[in-house]
Amino acid sequence: VREFAMSAIMNGVALHGGFVPYGATFLVFMEYARNAVRMAALMRQRVLFVYTHDSIGLGEDGPTHQPIEQIANLRATPHLDTWRPCDTVESAVAWKSSLQRIDGPSALIFSRQNLVHQDRDQAQVEAIAKGGYILSDCDGAPEAIIIATGSEVGIAQDAAAQLTAQGRMVRVVSMPCTEAFERQDAAYQESVLPKSVSARVAVEAAHADYWYKYVGLQGRVVGMTNFGASAPANELFEIYGFTADNVAKQVNELL
């Protein structure tokens with residue numbers, strides 16, 4: 001396993017100039033490369049770290065290969081943009097944004113399992129680069145907001161459909177890059193996550209703690225607070241609560 005050497009070489013290529021280096025490995029093995037990733041951020045080099053198999057969704061390889069705290073670790077690194085796209089459209093925007101960024105590295109995080117394509121209009125496609133945007137909305141002011149990333153966006157959409165059928169007013173926000181979202185002005189952030197809506201649920205198959213900055217102490221996070229297990233991905237998502245039924249339940253309990 002040579003993730004540190006790979007990442008350090010990428011830093012050297014970036015410092016030399018003339019190339020935009022990228023390299024890929026399983027997300028959990030970012031731990032081996034951690035110092036080189038930190039140095040890329042410290043030096044503000046344009047390096048693209050591509051990480052796959054991003055959650056318990058990788059399945060039977062079990063907890064040794066299932067990332068839990070790694071995404072939070074990356075997001076906590078200054079000058080590093082961390083993207084976790086939910087489909088091919090967000091992936092393309094994440095890649096383009098990372099290539100265009102010249103003042104720091106980016107981490108692009110992908111799932112092992114197949115993900116459902118999300119329908120968008122042109123304005124929504126353009127908003128992806130802002131890091132967080134309204135993927136689906138209700139008619140009128142929302143009474144609850146579901147925030148999700150990556151493979152959990154589809155779950156959030158299904159939960160919102162259930163809640164809408166129950167007469168609830170629900171907005172779904174896809175937030176593939178929190179760093180990009182936080183660079184937006186206050187007016188844009190308020191338009192996506194209005195302070196008047198306190199009933200918020202975040203959904204991500206990674207460590208839960210990070211998301212309380214967006215949902216507040218009164219909100220709910222459907223996330224991981226322990227290591228995973230060895231089982232098929234669909235069984236693990238059911239066991240750990242990453243289902244539309246559970247997300248809808250969390251929203252209803254807040255309302």
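A biologist asks a modeller how the terms used for this predicted model are earned.

Biologist: What should I know before we start?

Modeller: This is a predicted model, so local features need pLDDT of at least 70, side-chain atom pairs count only at pLDDT 80 or more, and totals for chains, interfaces and linings use all residues. Residues are numbered from 1 along each chain as its sequence is written, and side-chain values use heavy atoms, with hydrogens and water left out.

Biologist: Why is Leu163 called buried?

Modeller: Buried means under 20% relative accessible area, exposed over 50%, and partly exposed in between (1.4 Å probe, protein chains only). Leu163 has a relative accessible area of 0%, so Leu163 is buried. Leu163 lies in helix H6. Helices (H or I, at least four residues) and strands (E, at least two) are DSSP runs, numbered from the N terminus.

Biologist: What separation do the C-alpha atoms of Leu163 and Val251 have?

Modeller: They are separated by 8.4 Å, and the two residues are 88 residues apart along the chain.

Biologist: What makes Arg183 and Asp81 a salt bridge?

Modeller: A salt bridge needs a side-chain nitrogen of Lys or Arg within 4 Å of a carboxyl oxygen of Asp or Glu. Here the N to O distance is 2.7 Å. The pair therefore meets the definition. Arg183 sits in the loop between H7 and H8, and Asp81 in strand E3 (residues 81-83), so the pair ties together parts that are 102 residues apart in sequence. Asp81 is buried, at 3% relative accessible area.

Biologist: How do you know that Lys213 and Glu182 form a salt bridge?

Modeller: Their closest N and O atoms are 2.9 Å apart. That is within the cut-off, so the name fits. Lys213 is in helix H9 and Glu182 in helix H7, 31 residues apart. Glu182 counts as partly exposed, at 37% relative accessibility.

Biologist: Where do Glu253 and Lys249 lie?

Modeller: Both lie in helix H11 (residues 244-254), four residues apart, about one turn of the helix. They form a salt bridge, with the closest N and O atoms 2.8 Å apart. Glu253 has a relative accessible area of 41%, so Glu253 is partly exposed. Lys249 is partly exposed too, at 44%.

Biologist: How many salt bridges does the structure hold?

Modeller: The structure holds 15. Asp54, Arg75, Arg84, Glu152 and Glu204 are linked in a network of salt bridges.

Biologist: Why does Arg200 have no salt bridge?

Modeller: The nearest side chain of opposite charge, Glu190, is 6.2 Å away. A salt bridge must be within 4 Å, so this pair does not qualify. Lys and Arg count as positive and Asp and Glu as negative; His and the chain ends are not counted. Arg200 is buried and has its place in strand E8 (residues 200-207).

Biologist: Which backbone oxygens does the side chain of Arg200 reach?

Modeller: That of Leu193 at 3.3 Å, and that of Val197 at 2.8 Å.

Biologist: Which residues line the second largest pocket?

Modeller: Among them are Arg200, Glu190, Lys213 and Glu182. H8 gives the most to this lining, with three residues.

Biologist: What makes a site a pocket?

Modeller: On a 1 Å grid over the protein atoms alone, a pocket is an open set of points where a 1.4 Å probe fits, with protein on both sides within 12 Å along at least five of seven lines; lining residues have an atom within 4 Å of a point.

Methods:
A polar contact is a pair of N or O atoms within 3.5 Å; within protein, one must be able to donate a hydrogen and the other to accept it, and residues adjacent in sequence count only if both atoms are side-chain atoms.
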